[in-house]
Each structure stands twice: as C-alpha cells, then as structure tokens.
Amino acid sequence: MHGGSAPAVKAAAARRLEVAAVEADVRAVIASEGLEGVTNPLEALAMLATESLAMKSALAARVNALQEISTTSKLGVESLKVEVGLYERALERTAKFLDLLAKSGLEERRLRLDEQTAQQFVTAMQNILARLNLTPEQTALVGTVVPEELRALDA
C-alpha cells in the first residue's frame, strides 16, 4: 500500500545495495595499501588526495573491465552501471582535493621546512667544528671536504 513493493522502489533499493557492495570492495583494496594517518592538517589533506587517487584508479580499472557501461532494467530503463557513476564521483572528489592542495601552498611550506632543516644542519656543523679546535690546516680543508661529502650524498 505504501509503495515499498513497487518495481521502481525495488530497483532503486537494488541499485543502492550494488553501490554499497562496490564501495566496500574498493575500500578493501585501498585499506590493503597500508595508508597511515598524519597529525598535520595539510599532510592529512595530502593523504586524502592520495586515497582519492587510489579510489579513482581502482574504479577506473573496474570501468575498463566492463563490457558495456550501461544496463537496462526489467522495466526497460537504461542507466549507467554503478561503477561508472562511482568513477565519475571519484574524479570530482580527487579534483577537489588536488585543487585544495594547490591552493594551500603545501609544496612551498615543504620547501621552507627543507630550507630550515638545512640551516639547522649548517649551524650544527659550524658548532661542531668550532668545538673540535681544529688546526689551521684542518680548518682550511673543511671548505673542501664538507661540500665534496655532501655532493656524494646526492649521487
């Protein structure tokens, strides 16, 4: 009497169950990737973007494996398969995360942190060398040896 057994309602319920099954399968694949959380909000946003990219890739593989991207219900209504809709949503979500990351200046902040770390390293090296009471000959070698060793780290 309330329409719960109407064909359209049953079809919508079946579709919701199918969506839930696909989402659960994709989440299981992503969970197996071993992604870890972070305490920094920008890092967390980067992690969400990474997870969103993984979801998009997993759904892309499912869409690519489909023989056809649409299906026809028993009532003759044609619609896109669940995987296609989920893939489209994953594309939109990923684009939003990447846009937020670009606007946040995350890479610029990472560069500043790298520069600060490098400066701390230089200060520590200067303090260490000052405490070693090197001879004038050894002090002269520092300007040659340290850059050579640091370049060797990059190789």
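This passage describes salt bridges, surface patches and selected helix features in a predicted model.

Salt bridges were considered across the whole structure. The search finds 3 of them. Side chains of opposite charge can pair when their charged atoms come close. One such pair is Asp25 and Arg62, whose side chains meet at 2.4 Å, N to O. This pair links distant parts of the chain. Asp25 sits in helix H1, which spans residues 7–31. Arg62 sits in helix H2, residues 41–65. The two residues are 37 positions apart. Asp25 is partly exposed, at 38% relative accessibility. Arg62 is also partly exposed, with a relative accessible area of 29%.

Arg62 has a further partner in Glu83. Here the closest N and O atoms are 3.6 Å apart. Glu83 lies in helix H3 and Arg62 in helix H2, so this salt bridge ties together parts that are 21 residues apart in sequence. Glu83 is buried: its relative accessible area is 9%, and the buried class ends at 20%. Asp25, Arg62 and Glu83 are thus joined in a network of salt bridges. Arg62 takes part in the bridge to Asp25 and in the bridge to Glu83.

Another salt bridge lies within a single helix. Lys103 pairs with Asp99, and their closest N and O atoms are 3.1 Å apart. Both residues belong to helix H3. They are 4 residues apart, about one turn of the helix. Lys103 is exposed, with a relative accessible area of 65%. Asp99 is partly exposed, at 39%.

Helix H3 also contributes to a charged surface. Arg27, Arg89, Arg93 and Lys96 gather there in a patch of positive charge. The largest share, 3 residues, comes from helix H3, residues 82–104. Lys96 is found in this helix. Its relative accessible area is 59%, so Lys96 counts as exposed, the cut-off being over 50%. Val84 is found in helix H3 too. In contrast to Lys96, Val84 is buried, with a relative accessible area of 8%. Val84 and Ala60 are 24 residues apart in sequence. Their C-alpha atoms are 8.4 Å apart in space.

A second patch is nonpolar. Phe121, Val122, Leu150 and Leu153 form this surface patch of about 370 Å². Helices H4 and H5 are the elements that each give two or more residues to the patch. Helix H5 covers residues 136–154. Val122 is placed in helix H4. Val122 is partly exposed, at 37% relative accessible area.

Helix H4 itself runs through residues 106–131 and has 26 residues. From its first C-alpha to its last, H4 reaches 38 Å. That span is close to the 38 Å expected at 1.5 Å a residue. Asn133 follows the helix. This residue lies in the loop between H4 and H5. Asn133 has a positive phi of about 50°, although it is not a glycine. Asn133 is exposed, with a relative accessible area of 66%.

Methods: Residues are numbered from 1 along each chain as its sequence is written. This is a predicted model: local features need pLDDT of at least 70, side-chain atom pairs count only at pLDDT 80 or more; totals for chains, interfaces and linings use all residues. Side-chain values use heavy atoms; hydrogens and water are left out. The expected span of a helix is 1.5 Å times one less than its number of residues. Patches are made of residues with over 30% relative accessible area and no salt bridge: like charges are joined within 9 Å, nonpolar side chains (Val, Leu, Ile, Met, Phe, Trp, Tyr) within 5 Å. Accessible areas come from the Shrake-Rupley method with a 1.4 Å probe; for residues, only the protein chains shown count as cover. A salt bridge is a side-chain nitrogen of Lys or Arg within 4 Å of a carboxyl oxygen of Asp or Glu. Lys and Arg count as positive and Asp and Glu as negative; His and the chain ends are not counted. The place of a charge is taken as NZ of Lys, CZ of Arg, CG of Asp or CD of Glu. Buried means under 20% relative accessible area, exposed over 50%, partly exposed in between (1.4 Å probe, protein chains only).
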